[in-house]
Amino acid sequence: LSEDQTKEAVSKVTDYLKKNKSEIINHETWGLKKLAYPIKNKKSGFYYLIEHKTKPEAIDGLEIEFKRDERVVRFLTVKQDKYALAYSQQRRDKLTESKN
């Protein structure tokens, strides 16, 4: 995919989250990375991380959107516990400090 197409795919996801009154906490572009194994004859893919708070009902719809979008090869939805939330916040703070 081109950079514009990947941005469009990500904006589709963020628009869905905003439509469902979700709070987007963090959005990171991890860039083009090599896949651990070929998927649909592709050896690399663009990785994105979107941390958000949303209602559980919205997750099912979000996963359906991922499955319908042929540009999305794989996705992973994870519920973080309180330790993972604290770690994520520390990681974001460290990234912010290193940029400044």
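Where is the place of S22? In this predicted model, S22 sits in the loop between α1 and β1. S22 counts as buried because its relative accessibility is 12%, and the cut-off for buried is under 20%. Leaving aside residues up to four places away in sequence, S22 touches L17, K53 and T54.

One of those partners, L17, is a good next stop. With sequence neighbours up to four places away again left out, L17 touches S22, I24, I50, H52 and L62. L17 also belongs to the largest nonpolar core, a set of 6 residues made up of V13, Y16, L17, L62, F66 and V72. Both α1 and α2 supply at least two residues of this core, and the largest share, 3 residues, comes from α1.

Now let us turn to the empty space. Rolling a probe the size of a water molecule over the atoms shows where such space is left. The count comes to 1 cavity of 30 Å³ or more, and the largest cavity has a volume of about 50 Å³. Its lining consists of K12, V13, Y16, L62, E65, F66, D69 and V72. The elements giving two or more residues to that lining are α1 and α2.

The open space comes next. The largest pocket holds about 1800 Å³. It is lined by 46 residues, and the closest to its centre are Y48, F66, R74, F75 and L76. F66 therefore turns up in three places: among the residues closest to the pocket centre, in the cavity lining and in the nonpolar core.

Which elements each supply at least two residues of the lining of the largest pocket? They are α1 (3-19), β1 (23-39), β2 (42-53), α2 (56-68) and α3 (82-99). Of these, β2 provides the largest share, with 11 residues.

Here are the two linings by residue class:

| Space | Volume | Nonpolar | Polar | Charged |
|---|---|---|---|---|
| Largest pocket | about 1800 Å³ | 28 residues | 8 residues | 10 residues |
| Largest cavity | about 50 Å³ | 5 residues | no residues | 3 residues |

The cavity lining thus has no polar residues, while the pocket lining has 8.

To return to the start, the chain of contacts is easy to follow on screen. Begin at S22, in the loop between α1 and β1, and step to L17, which S22 touches. From L17, go on to L62, another of its contacts. L62 is a member of the largest nonpolar core and also lines the largest cavity.

Definitions and conventions:
Residues are numbered from 1 along each chain as its sequence is written. This is a predicted model: local features need pLDDT of at least 70, side-chain atom pairs count only at pLDDT 80 or more; totals for chains, interfaces and linings use all residues. Side-chain values use heavy atoms; hydrogens and water are left out. On a 1 Å grid over the protein atoms alone, a cavity is a set of points where a 1.4 Å probe fits but cannot get out, and a pocket is an open set with protein on both sides within 12 Å along at least five of seven lines; lining residues have an atom within 4 Å of a point. Grid points are joined across faces, edges and corners, and a volume is the space filled by probe spheres set on the points. Helices (H or I, at least four residues) and strands (E, at least two) are DSSP runs, numbered from the N terminus. Ala, Val, Leu, Ile, Met, Phe, Trp, Tyr, Cys and Pro count as nonpolar, Asp, Glu, Lys and Arg as charged, and the others, Gly among them, as polar. A nonpolar core is a set of buried Ala, Val, Leu, Ile, Met, Phe, Trp, Tyr and Cys residues joined through side-chain atoms within 4.5 Å. Buried means under 20% relative accessible area, exposed over 50%, partly exposed in between (1.4 Å probe, protein chains only). Contact means heavy atoms within 4.5 Å.
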